[in-house]
Amino acid sequence: MLSKKIILRDDEIPTQWYNIVPDIPNGLQPPLDPETKEPMGPEKLAVVFPMSLLEQEMSGERYIDIPEEIREIYSIWRPTPLVRADKLEKALNTKAKIYYKYEGASPVGSHKPNSAIAQAYYNKKEGVKRLATETGAGQWGSALSFATNKFGLECKVYMVRISFDQKPYRKAMMHTYGAEIIASPSSETAFGRSVLEKDPDTPGSLGIAISEALEDAAGREDTKYALGSVLNHVIHHQTVVGLEAKKQMEIVGDYPDIVIGCCGGGSNFAGIAAPYIADYLAGKKVRFVGVEPASCPTLTKGVYTYDFGDVAQLTPLLSMYTLGHDFIPPGIHAGGLRYHAMSPIVSALVREKIIEPISVRQLECFEAGVLFARTEGIIPAPESNHAIRAAIIEATKDKNEPKTILFNLSGHGLLDLGAYEQFFSGNLKNYDYPAEAVAEATKNLPKI
Ligand SMILES: *Cc1c(COP(=O)(O)O)cnc(C)c1O
């Protein structure tokens with residue numbers, strides 16, 4: 001019988017995260033202070049982040065120890081299974097072997113608690129009582145609600161208005177873990193009120209919600225801020241995914257020719273890819289494909305420059321691919337992956353031509369997700385469908401060429417069934433973000 005699932009023991013949960021930063025050819029450009037345009041030290045950021053996370057953010061150490069308390073909570077769902085998608089292979093009639101790492105196995109159904117648990121732990125350790133954050137589709141908010149509950153912290157979630165209205169079950173999940181949720185823009189922050197004044201019916205955006213959560217955290221002594229993607233420390237935490245996958249592939253004696261992941265802010269993709277990129281830099285032959293939606297084509301149509309991470313321009317300037325910090329994504333798109341920028345780590349790896357970015361359209365992604373559900377059984381998150389679509393493209397390019405594909409199944413779609421229903425009833429549309437809109441959205445980039 002074929003090894004369908006490759007399962008590790010609890011004591012095989014990684015003991016260290018991998019930090020790819022010191023290995024990136026030509027390095028990362030430092031975050032800049034928007035006022036002085038000089039590199040920003042940790043002091044200013046310490047208002048909203050605990051020192052230990054800032055140290056990880058700036059760290060040049062290749063490996064960072066994972067505290068036992070975090071591994072202990074990881075053990076609720078980690079190590080996650082690596083699964084051979086043999087039934088999908090058969091349906092595609094391909095000689096390619098397809099493996100997926102199943103991050104939907106976590107309590108909240110995605111990879112996000114890998115970082116949420118770590119962030120809640122370090123905040124608790126430094127005496128923080130309350131965390132403020134934003135959430136788009138609700139997955140990061142759910143993950144941080146779960147994590148803050150585990151460490152006895154309060155949690156306030158600013159949830160993008162359109163998702164707040166469309167995703168009642170994500171709200172219920174956050175409430176179950178004890179978090180407080182409000183639709184963003186809200187009237188509870190000065191920035192939220194200013195947006196509502198100009199446009200009371202705005203669907204909101206991640207960039208606006210980030211501004212509100214930052215304002216909340218900066219305004220209260222007992223509160224810090226947590227971000228679910230983009231930042232270096234989040235990506236380090238997510239490398240547990242790739243480190244486990246490597247061990248699991250070794251057990252079955254396989255090694256991927258191609259590693260694939262969907263890209264929102266870049267954390268789940270970098271999490272699975274980074275440990276393999278270390279091998280690539282040591283001379284191993286592997287390709288890395290980062291997949292984004294055609295409706296939010298940050299890596300394939302955006303510019304590589306310094307930009308803010310939020311609309312109110314509260315964050316440091318980060319060197320990254322961006323569509324402009326005031327980008328508001330088209331509401332017709334069902335999935336997440338709608339952040340205006342991409343993590344500096346993934347951006348630098350694209351700049352170095354180590355990661356190949358591609359964009360795919362949402363209807364073909366849902367088709368891929370439905371095929372996956374009907375073969376492998378799991379109903380994937382709409383975001384993860386982008387990775388599946390790319391895996392199918394690679395597996396069917398030349399069906400007789402044997403190759404091994406590994407992709408990150410970043411989450412399940414059991415709380416996204418509304419989007420599947422919309423797909424089946426023909427209400428979803430393809431939307432290519434137009435070049436003129438990119439030009440418009442990048443007009444307000446900060447001048448460096
Ligand atoms: C948040 C999320 C993503 C996108 O975020 P990244 O930081 O790019 O990983 C992808 N898939 C799922 C299931 C998510 O919840």
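**View 1. The whole chain, a predicted model, contains 18 helices and 15 strands.** Helices (H or I, at least four residues) and strands (E, at least two) are DSSP runs, numbered from the N terminus. The radius of gyration of the protein chain, taken over C-alpha atoms, is 20 Å, close to the 22 Å that the globule rule gives for 448 residues, so the chain is as compact as a globular protein of that length; the rule itself is 2.2 Å times the number of residues to the power 0.38. Along its principal axes the C-alpha trace spans about 60 × 50 × 45 Å.

**View 2. Buried residues make up 62% of the 448 residues in the protein chain.** Here buried means under 20% relative accessible area (1.4 Å probe, protein chains only). Where two residues at least 6 apart in sequence are in contact, that is, with heavy atoms within 4.5 Å, 76% of such contacts join residues at least 24 apart.

**View 3. Helix α9 covers residues 190–198, and in this helix F191, G192 and V195 are buried.** Seen down the axis of α9, its buried residues fall within an arc of 100°, so they line one face of the helix; the arc is that of the directions from the helix axis to the C-beta atoms. Among what covers these buried residues is α10 (206–218).

**Notes on the model.** Residues are numbered from 1 along each chain as its sequence is written, and side-chain values use heavy atoms, with hydrogens and water left out. Because this is a predicted model, local features need pLDDT of at least 70 and side-chain atom pairs count only at pLDDT 80 or more, while totals for chains, interfaces and linings use all residues.

Definitions and conventions:
Buried < 20%, exposed > 50% of the residue type's maximum accessible area, 1.4 Å probe, protein only.
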